[in-house]
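Reader: I am new to this structure. Please pick its nonpolar core and take me through it closely, with the parts around it.

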Amino acid sequence: MAYVQRIEERRKDIMDYVKAFVVGGIICAIVQILMEKTKLMPGRIMVLLVCSGAVLSFLGIYEPFKEFAGAGASVPLLGFGHVLMKGVKEAVDQSGFMGVFEGGFRAGAIGCSAALVFGLIAAFVSKNKI
């Protein structure tokens with residue numbers, strides 16, 4: 001009985017990986033199509049993804065989507081928009097209107113700090129190509 005249960009858990013884990021891979025791949029494919037078929041610059045597409053994540057979070061759609069897709073939904077820039085919106089919601093509940101201005105900074109600070117630190121480490125480790 002325990003053997004069957006372990007096999008079932010492993011099958012569920014594999015399906016979680018497959019769902020994350022497929023959803024993340026679809027998001028990346030949509031972005032690639034936007035880059036190739038429109039005149040949008042990559043920076044604008046990134047802003048579009050972050051804003052889309054925030055809007056989906058505001059509408060209450062992102063949380064069930066994230067539960068289904070797992071890392072496939074939370075790793076791309078849609079996830080960053082969701083994190084910012086979630087931080088703003090919590091800060092507004094605590095601080096009122098001023099939470100609109102501080103919530104996103106608090107929620108996104110860890111991700112931005114990590115990107116800066118790892119970017120700095122990569123700059124020190126890599127060779128200059130000039």
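Author: What follows is a walk from the core outward to the helices and rings around it.

This is a predicted model, in which local features need pLDDT of at least 70 and side-chain atom pairs count only at pLDDT 80 or more, while totals for chains, interfaces and linings use all residues. Residues are numbered from 1 along each chain as its sequence is written, and side-chain values use heavy atoms, with hydrogens and water left out.

Confidence comes first. pLDDT is the predictor's confidence in each residue, from 0 to 100. The chain averages 87. At least 70 is reached by 98% of the residues. Helix α4 (residues 71-74) has the lowest confidence, with a mean of 83, and α2 the highest, at 91. Helices here are DSSP runs (H or I, at least four residues), numbered from the N terminus.

Now the core. A nonpolar core is a set of buried Ala, Val, Leu, Ile, Met, Phe, Trp, Tyr and Cys residues joined through side-chain atoms within 4.5 Å. Buried means under 20% relative accessible area, exposed over 50%, and partly exposed in between (1.4 Å probe, protein chains only). The largest core has nine residues: Val 23, Ile 27, Val 31, Ile 45, Leu 49, Tyr 62, Ala 69, Ala 73 and Leu 78. Two or more of its residues come from each of α1 (2-37), α2 (42-59) and α3 (62-69). α1 gives the largest share, three residues. In soluble globular proteins, nonpolar side chains tend to be buried together.

Start with α1. This helix has 36 residues and reaches 52 Å from its first C-alpha to its last, close to the 52 Å expected at 1.5 Å a residue. The expected span is 1.5 Å times one less than the number of residues. Buried in α1 are Ala 20, Val 23, Gly 24, Ile 27 and Val 31. Their cover includes α2, α3, α4 and α5. Take Ile 27 from that set. Leaving out residues up to four places away in sequence, Ile 27 touches Phe 65, Gly 72, Pro 76 and Leu 78. Contact means heavy atoms within 4.5 Å.

Next is α2. Its 18 residues reach 26 Å from first C-alpha to last, close to the 26 Å expected. Ile 45, Leu 49, Val 50, Gly 53 and Ser 57 are its buried residues. They sit on the same side of α2, because they cover an arc of only 140 degrees around the axis. That arc is taken from the directions from the helix axis to the C-beta atoms. The face turned away carries the exposed residues Arg 44, Phe 58 and Leu 59. The buried residues of α2 pack against α1, α3 and α5 (77-95). One of them is Ser 57, with a relative accessibility of 6%. Beyond its neighbours within four places in sequence, Ser 57 is in contact with Tyr 62, His 82, Met 85, Lys 86 and Lys 89. After α2 comes Gly 60, with a positive phi near 80 degrees.

Leu 78 brings in α5, the helix where it is placed. Its relative accessible area is 9%, so Leu 78 is buried. Outside the four nearest places in sequence, Leu 78 touches Ile 27, Leu 49, Ser 52, Gly 53, Tyr 62 and Ala 73. Leu 78 and Leu 48 are 30 residues apart in sequence, yet 8.9 Å apart in space, C-alpha to C-alpha. Other buried residues of α5 include Gly 79, His 82, Met 85 and Val 88. The buried residues of α5 pack against α1, α2, α3, α4 and α6 (99-125). Just after α5, Gly 96 has a positive phi of about 80 degrees.

Tyr 62 leads to the rings. Tyr 62 is buried, at 1% relative accessibility. Phe 65 is partly exposed, at 26%. Both lie in α3, three residues apart, about one turn of the helix. Rings of Phe, Tyr and Trp (its six-membered ring) pair if their centres lie within 6.5 Å; planes under 30 degrees apart count as stacked, over 60 as edge-to-face and the rest as tilted. That rule gives two aromatic pairs. Tyr 62 and Phe 65 form an edge-to-face pair, 6.0 Å centre to centre, with 70 degrees between the planes. Phe 97 and Phe 101 are also edge-to-face, because their ring centres are 5.5 Å apart and their planes stand at 85 degrees. Phe 97 is exposed at 61%, and Phe 101 partly exposed at 48%.
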